[in-house]
Amino acid sequence: MKNRLRVLRAEREWSQADLAGQLKVSRQTVNAIETGKYDPSLPLAFAIAQLFGQPIEAIFEPGDAKSAGLPPRQPVPGGDQNIHNKPK
């Protein structure tokens with residue numbers, strides 16, 4: 001998963017240890033997230049987003065399904081219909 005964590009941290013002149021302390025994780029965890037070796041848990045991703053005052057999707061960019069070992073997304077039957085405007 002690509003992310004902007006290193007850039008956001010550098011803009012604030014925080015070390016990895018500084019960020020780790022604020023998030024209550026190890027410096028190694030911060031390093032692993034920044035280098036893409038580790039994807040944060042959802043609670044940790046929310047904590048990071050809150051700390052930087054940005055939505056999760058502004059910080060983290062999902063990788064493609066193939067690199068994640070997931071099958072390609074298939075359209076949901078009827079998924080393009082507006083469920084709020086269906087006739088009653």
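Two residues are counted as being in contact when heavy atoms of one lie within 4.5 Å of heavy atoms of the other. This criterion underlies the description below of a predicted model.

The chain contains five helices and two strands, arranged along the sequence in the pattern β-α-α-α-α-α-β. Of its 88 residues, 22% count as buried. The accessible surface of the chain amounts to about 6,700 Å², and 55% of this area belongs to carbon and sulfur atoms. Among contacts between residues at least 6 apart in sequence, 52% join residues at least 24 apart.

Helix α2 spans residues 16-23, and its buried residues are Q16, L19, A20 and L23. These residues cover an arc of only 100° around the axis, and they therefore lie on the same side of α2. The general geometry of the α-helix is relevant here: with 3.6 residues a turn, residues three or four places apart point the same way. The cover over the buried residues of α2 includes α1 (5-11), α3 (27-34) and α4 (42-52). Just after α2, residue K24 adopts a positive phi of about 60°.

A comparable analysis was made for helix α4, in which L44, A45, I48, A49 and F52 are buried. Viewed down the axis of α4, the buried residues fall within an arc of 140°, so they line one face of the helix. The exposed residues L42, P43 and Q50 are carried on the face of α4 turned away from its buried side. The buried residues of α4 are covered by elements including α1, α2, α3, α5 (56-59) and β2 (60-61). The residue that follows α4 is G53, with a positive phi near 65°.

A search of the whole structure for aromatic pairs finds one. The pair is formed by W14 and F52; the rings are tilted, with 5.5 Å centre to centre and 40° between the planes. Because W14 lies in the loop between α1 and α2 and F52 lies in helix α4, the pair ties together parts that are 38 residues apart in sequence. The two partners may be described by their accessibility. W14 is partly exposed, with a relative accessible area of 21%, whereas F52 counts as buried at 6% relative accessibility. The face of W14 also has R12 lying over it, at 6.0 Å from the ring centre.

Both members of the aromatic pair are also in contact with R9, a residue of helix α1. Burial is defined as under 20% relative accessible area; at 12% relative accessibility, R9 therefore counts as buried. When neighbours within four places in sequence are left aside, R9 is in contact with W14, S15, Q16, L19, E34 and F52. Of these residues, Q16 and L19 are among the buried residues of α2, and F52 is among those of α4.

Residue I33, in helix α3, is buried, with a relative accessible area of 2%. With residues up to four places away in sequence not counted, I33 touches N3, L5, Y38, P40, L44, I48 and F60. Of these residues, L44 and I48 are among the buried residues of α4. The C-alpha atoms of I33 and R4 are separated by 9.9 Å, while the two residues are 29 residues apart along the chain.

Terms used:
Residues are numbered from 1 along each chain as its sequence is written. This is a predicted model: local features need pLDDT of at least 70, side-chain atom pairs count only at pLDDT 80 or more; totals for chains, interfaces and linings use all residues. Side-chain values use heavy atoms; hydrogens and water are left out. Buried means under 20% relative accessible area, exposed over 50%, partly exposed in between (1.4 Å probe, protein chains only). Helices (H or I, at least four residues) and strands (E, at least two) are DSSP runs, numbered from the N terminus. The arc is that of the directions from the helix axis to the C-beta atoms. Rings of Phe, Tyr and Trp (its six-membered ring) pair if their centres lie within 6.5 Å; planes under 30 degrees apart count as stacked, over 60 as edge-to-face and the rest as tilted. A charge sits over a ring if NZ of Lys or CZ of Arg is within 6 Å of the ring centre and within 35 degrees of the ring normal. Accessible areas come from the Shrake-Rupley method with a 1.4 Å probe; for residues, only the protein chains shown count as cover.
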